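Please open the structure in your viewer and keep the selection tool at hand. The stops below say what to select next and what is found there.

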Amino acid sequence: MSDRILVTGATGYVGSRLLRALTARGAALRGLARRPEILRARVGPGVEVVGGDVLRPETLPAALAGVGTAYYMIHSMGSAEPFEERDCVAAQHFGRAARAAGVRRIIYLGGLGDPAETLSPHLRSRLQVGDILRDSGVETIELRASIVIGSGSLSFELVRALVERLPVMIMPRWVSVPAQPIAIDDVLAYLIAARDLPPGPSRVFEIGGADVVTYADLMREYAALRGLRRWMIPVPVLTPRLSSLWLGLVTPVYARIGRKLIESIVHATVVRDPAAAEVFGIRPRGMQAAIAEALRAEERELDETRWSDALSSLGEPRDWGGVRFGSRLVDARSAVAAVPPARAFAPVRRIGARTGWYCADWLWTLRGWIDLLLGGAGMRRGRRDPDALRVGDVLDCWRVEVYEPDRRLRLAAEMKLPGRAWLEFEVEPHPAGARVRQTAIFDPVGLAGLAYWYGIYPLHQLVFAGMLRGLVAAAERDDRGGAAA
């Protein structure tokens, strides 16, 4: 029998992380995506990528051929259409196709809720999908999870946005409903362990973290870990509709999704059946550890992720100003230089000190004097060598954090700021020569950080756009000089 694993929803939040975790374990993997070209750009050569859509049953036999275990990670909460019907139809199509293909086991991540209650449409739909998959005749392991805590998860981004942006928060009743949040790494551990269970009947497992808490507790803990002081004012009534409109104004959550989310939050999502702990032997972490790990994960992703690649997945790279990526604000732009990559990187390597910043050096000097007045180092430190760099070098008010010769330079700011900042340059081959990517990243702390970023946003457009033009012009000018010589 085949050991090949199919992961559906492989471009989604949990699905993409599951695919990465299974890849690290050397599993034979196949990823299903409606837009396979996007998934191919995100996975290694060992992952087979197939195009398919669970709402188009004719696309499923090829995707499921030779598959032993299929992970079902699909829902339609973001759809403007009635998502309950779409979810049910999709699960029916998938279950039938999985049975016809001889799939041994379906593993499904659903939502935690008491079926005896009158549940929200979202939670009701999650439970219905589990029922449909079990009725398909394929052994189904359903994991019902509470709030998932991880960098980029919907619930975590909601908590983050509220705490970062609002020093005073109104607290409707739904923030006091008990839940059992679980870290994304613990969710992945359950999903992977479910594949190794011995064959048997379909089963349902409720999974949650070590603590029973509320959204208010999550917000207080996030604020404490970020060093933010927040005041929370309870209000007796705030309907899901009003709450969703409010969230749409102050968070990245769309009002449509926000309403569906809040309608689900009003139900307690607490583990009642301890079977998961007995069968899997996994000991999930608590709330504090889950939030702390989510914040640490962002540090790893800053090093592992190419920001401009993440932001340009819709097509040809373009300029992005003020885009939010997790807790960070990003200004990313790129340009093509008609020179080889090594020559395009040369001006990047020489940036700062006597060479300057290729645009508005007087503004950099002014910023240095302001930093000195605030007790910072200013721009007076220069650099160790006018041409060579190494990790740890001081470069004016920055320090070299990542350096890959002829390819990548990332600088971490050491000036006085209401947050943390990085400036990154990347050079890659392009048919016309080399593409130079420039990304400014800012991790604001509270309202002061947000006010700083948006207050100097017009200067960003001047300085960062001019800097990129200057780098390209310097590379082409040096190339012409070298050719003439």
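How many residues does helix α5 have, and what distance does it reach from its first C-alpha to its last? Select residues 121-135: helix α5 has 15 residues and reaches 21 Å, close to the 21 Å expected at 1.5 Å a residue. That expected span is 1.5 Å times one less than the number of residues in the helix. Helices (H or I, at least four residues) and strands (E, at least two) are DSSP runs, numbered from the N terminus.

Before moving on, note that this is a predicted model, in which local features need pLDDT of at least 70 and side-chain atom pairs count only at pLDDT 80 or more, whereas totals for chains, interfaces and linings use all residues. Residues are numbered from 1 along each chain as its sequence is written, and side-chain values use heavy atoms, with hydrogens and water left out.

**Helices α5 and α6**

Colour the buried residues of α5, among them H122, L123, R126, I132 and R134. Here buried means under 20% relative accessible area, exposed over 50%, and partly exposed in between (1.4 Å probe, protein chains only). Then select G137, which follows α5 and has a positive phi near 95 degrees.

Next, select residues 154-165, helix α6, whose 12 residues reach 16 Å from first C-alpha to last, close to the 16 Å expected. Of these 12 residues, 10 are buried, so α6 is largely enclosed by the rest of the structure. The buried residues include F156, E157, R160 and E164. At the N-terminal end of α6, show the side chain of S153, which acts as a cap: one of its side-chain oxygens lies 3.2 Å from the backbone nitrogen of F156.

**Strand β1**

Move to I5, which is in strand β1 (residues 4-7). I5 counts as buried because its relative accessibility is 0%. Add R30 to the selection: I5 and R30 are 25 residues apart in sequence, and their C-alpha atoms are 6.1 Å apart in space.

**The loop between α14 and α15**

Select A353, in the loop between α14 (341-349) and α15. Its phi is positive, about 55 degrees, although A353 is not a glycine. With a relative accessible area of 32%, A353 is partly exposed. Y358 lies in the loop between α14 and α15 as well, and its phi is also positive, near 65 degrees.

**The second largest pocket**

Display R367, Y452, I456, H460 and F464, which lie nearest the centre of the second largest pocket, itself lined by 22 residues. On a 1 Å grid over the protein atoms alone, a pocket is an open set of points where a 1.4 Å probe fits, with protein on both sides within 12 Å along at least five of seven lines; lining residues have an atom within 4 Å of a point. The volume of this pocket is about 490 Å³. Helix α15 gives the largest share of the lining, 5 residues. By class, the lining has 20 nonpolar, 1 polar and 1 charged residues; Ala, Val, Leu, Ile, Met, Phe, Trp, Tyr, Cys and Pro count as nonpolar, Asp, Glu, Lys and Arg as charged, and the others, Gly among them, as polar.

Finish at H460, in helix α17. H460 is buried, at 7% relative accessibility. Add D331, which is 129 residues from H460 in sequence and 8.2 Å from it in space, C-alpha to C-alpha.

Technical notes: Points joined across faces, edges and corners; volume = space filled by probe spheres on them. Polar contact = N/O pair within 3.5 Å; in protein donor to acceptor, adjacent residues only side chain to side chain.
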